[in-house]
Amino acid sequence: MLTSLSHRTGQLVRFIIRRDRVRIPVWLLGIAALTFIVAQAFTGLYATAQERQTMAETMLNPAMTAMVGKGYGLDNYTFGAMMAHQMLLMTAVAVGIMSIMLVARHTRADEEEGRMELIRSLPVGRLSSLHATVVVGFGTNIVLALLVGIGLSALGIASMDLEGSLLYGAAFGAAGMFFTSVTAIAAQLSANARGTIGLSITVLLLAYLVRAVGDVTGSGLSWLSPLGWVASAEVYVNNYWWPVALTAAVAIGLAAVAYVLHAKRDLDAGFLPAKPGRTRASKFLLSPLGLGLRLQRTGLVAWAIGMLVLGASYGSVLGDLDAFMADNEMLKEVLTPVEGYSLIEQFIPFLMIIIAIICTVPALMAIMKLRVEEKKNRTEHLFSRAASRIRVIGGYVVIAFTAGWAMLSLAALGLGLAAAGVMEEPIPLGTFYQAAMAYLPALWVMIGLAVFLIGFLPSVTGLVWAYLGFSFIVVYLGGLLQFPAWLSNLSPFAHASGLPVEEMAYGKFFLLLVIAVGLAVLGILGDRNRDIRG
Amino acid sequence: MTILRTTNLTKSFGSFTALNGINIEVNKGEVYGFIGPNGAGKSTTIRLLLGILKATSGEATIFGRDVWKDAVDIHKRLAYVPGDVNLWPNLTGGEVIDLFVKLRGTANKSRREELIERFDLDPSKKCRTYSKGNRQKVAIISAFSSDADLYILDEPTSGLDPLMELVFQECVMEAKQAGKSVLLSSHILSEVERLCDKVGIIREGRLIETGTLAELRHLTRTSLRVETRLPVPALREMKGVHDLEEDGLGLSFQVDSEELEPVMAVLSAQGIVKLESAPPTLEDLFMRHYEGTGQASQAGSGGVR
Ligand SMILES: Nc1ncnc2c1ncn2[C@@H]1O[C@H](COP(=O)(O)OP(=O)(O)OP(=O)(O)O)[C@@H](O)[C@H]1O
Ligand SMILES: [Mg+2]
């Protein structure tokens with residue numbers, strides 16, 4: 001029975017590996033290279049124990065704990081402790097994203113496009129394709145674990161021994177396995193690829209936020225998050241293997257759940273019931289703009305709620321930071337290099353830039369939806385009718401620009417309201433809002449770039465995602481690794497003013513605005529002059 | 001009056017020439033059948049006509065206007081049905097029909113209801129749940145419930161059951177009677193034979209034959225079976241006679257349409273006892289062109305490299 005269910009899995013595994021023979025290595029090498037480069041850079045930048053200890057002091061506040069996780073071995077802040085504290089969690093999130101993309105692509109996406117039907121018509125078992133995907137997902141993460149583990153120890157950095165390094169890699173592997181299984185379940189619950197990715201990313205974000213609140217408040221909340229588990233391995237300090245083993249075991253259990261769900265449902269069906277819909281379209285739907293909004297309604301609302309929660313989570317941390325500052329009069333002196341601004345205020349620009357980059361994701365997805373529609377031959381329905389190119393792409397541009405603004409506003413709102421609730425002397429909401437809006441033109445530049453690529457180089461539109469990833473890395477690691485200014489300056493986010501600490505630079509603000517709008521207008525014009533796929 | 005005209009329409013994808021100098025003319029009230037093997041370039045031609053692809057060279061006009069530059073205005077009077085209809089899984093069929101009709105601009109409410117009835121479609125179901133034929137119906141209903149002057153149909157009946165296929169043919173006939181023009185690409189030759197006034201055959205990106213069905217028939221062969229009182233030895237040597245076979249009493253063979261007269265003269269001189277003739281079908285014609293031009297026809301690969 002079991003063998004007939006998973007008949008020919010081996011062949012499908014080879015088939016998946018063949019299809020992803022570039023994608024998987026790029027992810028693996030990217031994550032491994034990032035880890036090795038940062039480790040190597042730490043040894044140069046923080047050579048003495050003294051420097052590292054100063055670093056530990058600055059990291060020792062709730063805001064940083066929320067961002068990068070609880071630190072271990074802070075009293076003897078070795079290179080290993082630094083890596084495990086500052087890099088492990090964020091990189092584990094990236095590993096999670098890798099696993100989610102991999103699994104969604106070979107489950108729901110294939111099913112939605114009708115390719116799964118072809119495979120299922122061949123003599124393969126009912127569970128074979130899911131099983132093959134999970135095997136590849138687990139396998140990829142195990143390879144990553146070994147690659148990172150062996151690579152890190154091979155760097156020969158003091159305090160980064162073989163056991164710690166292997167555990168460091170294993171933490172990635174376990175987190176990746178966990179999200180492989182989560183996505184496998186999401187692919188059964190939701191009836192399409194977008195929903196699958198959305199659901200899995202939500203779980204990932206929740207895992208990150210629950211851990212943040214748990215780590216800061218010191219409650220047991222972090223134990224509800226798989227990211228909390230892998231962080232509690234205390235890599236390079238105490239080297240606990242069991243939390244990592246636990247994560248991997250739970251991942252295997254969740255995969256079994258996915259198998260059961262998969263065996264129960266019909267091809268193309270989800271677990272959400274279908275009810276009869278309207279026989280008539282509402283007025284609202286009857287235009288390219290209305291259609292674009294309707295198609296993305298659920299996703300945008302979900303992201304909007306997510307951004308509000310994200311802002312609120314960081315906002316609640318500000319209260320802890322506030323209380324922390326009140327208890328440490330002396331520290332307050334040390335940590336106030338910018339005259340007249342509290343640590344919290346100094347923290348706001350850093351926070352905002354991260355929030356702005358996250359808010360760019362739904363806005364970019366909104367404009368990329370046009371490419372998705374084109375690839376599925378659904379824009380030809382519009383273009384073969386009296387809808388002009390400008391009206392169709394224009395609708396998506398409006399949605400994307402508005403979504404960017406709305407997401408940023410909601411995050412700022414959540415941040416401000418939560419901060420007001422927990423702080424002794426609340427910072428006014430307006431300050432947060434202005435600080436957020438300072439990043440809006442940079443966010444819009446990303447959208448403008450996407451529109452430009454759609455108009456002129458539609459096949460490489462995906463590069464915008466790489467550019468966004470690059471922006472995140474230079475912002476997140478730029479300060480830590482003391483990147484040269486020109487490198488960070490390649491990202492539009494580096495040119496926004498960091499309110500309230502910096503003065504508002506209106507010149508740059510409007511320049512970014514002009515670039516964003518200019519790119520979008522060029523893209524819209526270019527779009528009139530190209531072949532549409534369908 | 002010419003509704004649609006292409007002159008030397010050419011389209012290359014990189015170094016691959018998918019269409020090479022296509023000339024088509026469709027007049028008012030005319031149904032033009034567009035046939036050819038897989039990958040010949042039918043859909044590519046149609047996408048050029050819709051202004052979705054940009055021609056490499058040549059010209060195409062609909063209603064006397066350029067298909068690329070004036071696409072939007074042209075589309076207000078044009079309806080299109082693709083052969084592979086992809087719809088939005090989370091909208092209902094009714095919503096999609098309304099959207100499509102609204103986007104064209106000229107709605108005909110009562111026609112919508114009538115067509116939904118005739119095609120037996122449940123408009124309250126989500127497109128996700130529709131079968132292939134039902135998705136096709138959504139596109140056909142949207143097309144015919146708007147008052148267009150030109151219908152461009154790219155394998156519109158793929159997936160329809162025979163009953164629905166008949167309803168579709170009625171719709172095309174009604175449109176034709178109302179003086180509308182139709183460009184119909186299809187692999188169902190009986191459908192083309194029944195509906196079309198003119199036919200164009202495309203192969204490897206070139207239009208190799210075009211004309212009315214009567215004109216095209218002229219180019220092909222009629223099958224004959226005769227019994228004569230006296231033997232006709234001369235027949236074997238006659239021009240235009242093919243595949244001659246003797247079966248007991250009679251002879252069966254094919255004869256080129258233009259040689260029919262002399263052949264009949266020879267036969268009647270020998271005293272015809274019985275004569276059966278079958279007119280050339282479009283299929284015969286088509287098969288001849290498929291295989292005809294000498295080179296091995298590679299299935300699925302059209303165009304000229
Ligand atoms: N975007 C493209 N890039 C490269 N080649 C293309 C592209 N689109 C179509 N072709 C090629 O152009 C040729 C004509 O394709 P087309 O879709 O027009 O055929 P068709 O006559 O509609 O065939 P069918 O009867 O199967 O629908 C094919 O060889 C196809 O591979
Ligand atoms: Mg075609």
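**Group meeting: a walk through a two-chain model**

Let's start at a single spot: B:Glu155 sits in the loop of chain B that runs between β7 (150-154) and α6 (162-177). Its phi is near 45°, which is a positive value in a residue other than glycine. Is this residue buried, exposed or partly exposed? B:Glu155 is partly exposed, at a relative accessible area of 25%.

Chain A has a residue of that kind too. A:Arg8 has a phi near 65°, again positive and again not a glycine. You'll find A:Arg8 in the loop between α1 (2-5) and α2 (9-19) of chain A, and with 38% relative accessibility it counts as partly exposed. While we're on backbone oddities, look at the peptide bond from A:Leu499 to A:Pro500: that one is cis, with omega near -5°. A:Pro500 belongs to the loop between α23 (485-489) and α24 (506-527) of chain A. For background, most residues other than glycine have a negative phi, and most peptide bonds are trans.

Now, a word on trust. This is a predicted model, and the predictor gives the complex an ipTM of 0.72 and a pTM of 0.80. Chain B has a mean pLDDT of 87, and 94% of its residues score at least 70. Where in chain B is confidence lowest, and where is it highest? The low end is helix α10 (residues 282-292), with a mean of 72, and the high end is strand β8 (residues 181-185), at 97. Then comes the stretch to be careful with: over residues 293-305 of chain B, pLDDT stays under 50. The model does have 23 contacts there beyond four places in sequence, but where pLDDT is low, the predicted coordinates should not be read in detail.

On to chain A as a whole. Its secondary structure is 24 helices and zero strands. The radius of gyration is 24 Å, close to the 24 Å that the globule rule gives for 534 residues, so chain A is as compact as a globular protein of that length. Its C-alpha trace spans about 70 × 60 × 40 Å along the principal axes. Of the 534 residues, 54% are buried. And if you take contacts with a separation of 6 or more, 79% of them join residues 24 or more positions apart.

What about the inside? The largest nonpolar core has 243 residues, and those touching the most other members are A:Tyr168, A:Ile367, B:Ile62, B:Phe144, B:Ile152 and B:Phe168. Helix α17 (residues 343-375) of chain A gives the most to this core, with 19 residues. To zoom in on one member, A:Tyr168 has contacts that include A:Met83, A:Leu88, A:Val148 and A:Tyr236. Apart from that core lies another, of 12 residues, including B:Val226 and B:Phe253.

Not everything buried is nonpolar, by the way. A:Arg265, in the loop between α14 (242-264) and α15 (288-327) of chain A, is buried at 8% relative accessible area. Among the residues A:Arg265 touches are A:Arg108, A:Glu111 and A:Phe271.

Last stop, the cysteines. How many disulfides are there over all chains? Zero. Take B:Cys127: the closest cysteine sulfur, in B:Cys171, is 19 Å away, so it is too far for a bond. B:Cys196 is in no disulfide either, with the sulfur of B:Cys171 nearest at 15 Å. B:Cys127 is buried at 3% relative accessibility, and B:Cys196 is buried at 7%.

Definitions and conventions: Residues numbered from 1 in each chain as written. Chains lettered and ligands numbered in written order. Predicted model: local features only at pLDDT ≥ 70, side-chain atom pairs only at ≥ 80, totals over all residues. Heavy atoms only, no water. pLDDT = per-residue confidence, 0-100. Helix = DSSP H or I, 4+ residues; strand = E, 2+ residues; numbered from the N terminus. Contact = heavy atoms within 4.5 Å. Disulfide = S-S within 2.5 Å. Buried < 20%, exposed > 50% of the residue type's maximum accessible area, 1.4 Å probe, protein only. Rg over C-alpha atoms; globule rule 2.2 N^0.38 Å. Core = buried A, V, L, I, M, F, W, Y, C linked by side-chain atoms within 4.5 Å.
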